[in-house]
Amino acid sequence: MELQGKVIAAMPERSGVSQRGEWKSQEFVIETHDSPYSRKLVFTVFGADRLQRFNIQVGQEVLVAFDIDAHEWNGRWFNDIRAFDVRQVDASQYAASSVAPVAQQPVAPAPAAGTSASQPMETEDGPDDLPF
């Protein structure tokens, strides 16, 4: 999956040693530009080589390619969103390609219960077309 947004936070880098050797990871938060409500996503970059190659900075506009997986721990389930590619996007290019929000069109009221949208509603002085 891919998602584009602005990096709004970078968590502290974490590191440790496992059976496979040393590891590093860091979490980042991006905010999308969905109208009218933006969404936020926390994703993890795992590996010192990827952290160095992606060089993610707060304030950058990025396109994140990620995988979502879940794991269980002590009877609870947690999502894991791992980025495998992060590309910087030119902010001016984003502004030029963004689409202005479409104005809301007025919505016609729903027909009353028992009436059809193709037939006009009855008035007091109109004929009664009910069979009883």
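Q: Why is aspartate 34 called partly exposed in this predicted model?
A: The relative accessible area of aspartate 34 is 32%, and because buried means under 20% and exposed means over 50%, a value in between places aspartate 34 in the partly exposed class.

Q: What makes the contact between arginine 39 and aspartate 34 a salt bridge?
A: The closest N and O atoms of arginine 39 and aspartate 34 are 2.8 Å apart, and because the rule asks for a side-chain nitrogen of Lys or Arg within 4 Å of a carboxyl oxygen of Asp or Glu, the pair qualifies. Arginine 39, at 48% relative accessibility, counts as partly exposed, because exposed would require over 50%.

Q: How do you know that glutamate 31 and lysine 40 form a salt bridge, and how is each of the two classed by accessibility?
A: Their closest N and O atoms are 3.5 Å apart, which falls within 4 Å, so the pair is counted. Glutamate 31 has 23% relative accessibility and is therefore partly exposed, whereas lysine 40 is exposed, with a relative accessible area of 57%, because this is over 50%.

Q: How many salt bridges does the rule give, and what makes aspartate 80 and arginine 82 one of these pairs?
A: The count comes to 5 salt bridges. Between aspartate 80 and arginine 82 the closest N and O atoms are 3.3 Å apart, which is within 4 Å, so the criterion is met. Aspartate 80 is partly exposed at 23%, and arginine 82 is partly exposed at 39%.

Q: What makes arginine 82 a charge that sits over the ring of phenylalanine 46?
A: Arginine 82 lies over the face of phenylalanine 46 at 4.6 Å from the ring centre, and because the limit for this distance is within 6 Å, the distance part of the rule is satisfied.

Q: Why is the pair of tryptophan 23 and phenylalanine 46 called stacked?
A: The structure holds 2 aromatic pairs. In the pair of tryptophan 23 and phenylalanine 46, the ring centres are 5.9 Å apart, which is within 6.5 Å, and the planes meet at 15 degrees, which is under 30 degrees, so the rings pair and the pair is stacked. Tryptophan 23 belongs to strand β3 and phenylalanine 46 to strand β4 (residues 40-46), so this contact ties together parts that are 23 residues apart in sequence. Tryptophan 23 counts as partly exposed at 27% relative accessibility, and phenylalanine 46 counts as partly exposed at 32%.

Q: How do you know that glutamate 61 has no salt bridge, and what polar contact does its side chain make?
A: For glutamate 61, a buried residue in strand β5 (residues 61-73), the nearest side chain of opposite charge is that of lysine 6, at 6.8 Å. Because a salt bridge must be within 4 Å, lysine 6 does not qualify. The side chain of glutamate 61 does make a polar contact with the side chain of glutamine 4, at 3.3 Å.

Q: How do you know that strands β2 and β3 pair, and in which sense?
A: Strand β2 (residues 14-18) and strand β3 (residues 21-31) are joined over 5 bridges in the antiparallel sense, and because at least two bridges are needed, the strands count as paired. Arginine 14 has serine 25 in β3 as its bridge partner, and the two strands form a hairpin with 2 residues between them.

Q: What makes β5 and β6 a paired set of strands, and which residue stands opposite isoleucine 68?
A: β5 pairs with strand β6 (residues 76-88) over 12 antiparallel bridges, and because the requirement is at least two, the pairing is established. Opposite isoleucine 68 stands isoleucine 81 in β6.

Q: What sets the phi of asparagine 74 apart, and why is asparagine 74 called exposed?
A: Phi of asparagine 74 is near 55 degrees, a positive value in a residue other than glycine. Most residues other than glycine have a negative phi. Asparagine 74 is placed in the loop between β5 and β6, and its relative accessible area of 63% is over 50%, so asparagine 74 is exposed. Asparagine 55 also has a positive phi, near 45 degrees, and is found in the loop between α1 (48-54) and β5; at 44% relative accessibility, asparagine 55 counts as partly exposed.

Note on methods:
Residues are numbered from 1 along each chain as its sequence is written. This is a predicted model: local features need pLDDT of at least 70, side-chain atom pairs count only at pLDDT 80 or more; totals for chains, interfaces and linings use all residues. Side-chain values use heavy atoms; hydrogens and water are left out. Helices (H or I, at least four residues) and strands (E, at least two) are DSSP runs, numbered from the N terminus. Buried means under 20% relative accessible area, exposed over 50%, partly exposed in between (1.4 Å probe, protein chains only). Lys and Arg count as positive and Asp and Glu as negative; His and the chain ends are not counted. A polar contact is a pair of N or O atoms within 3.5 Å; within protein, one must be able to donate a hydrogen and the other to accept it, and residues adjacent in sequence count only if both atoms are side-chain atoms. Rings of Phe, Tyr and Trp (its six-membered ring) pair if their centres lie within 6.5 Å; planes under 30 degrees apart count as stacked, over 60 as edge-to-face and the rest as tilted. A charge sits over a ring if NZ of Lys or CZ of Arg is within 6 Å of the ring centre and within 35 degrees of the ring normal.
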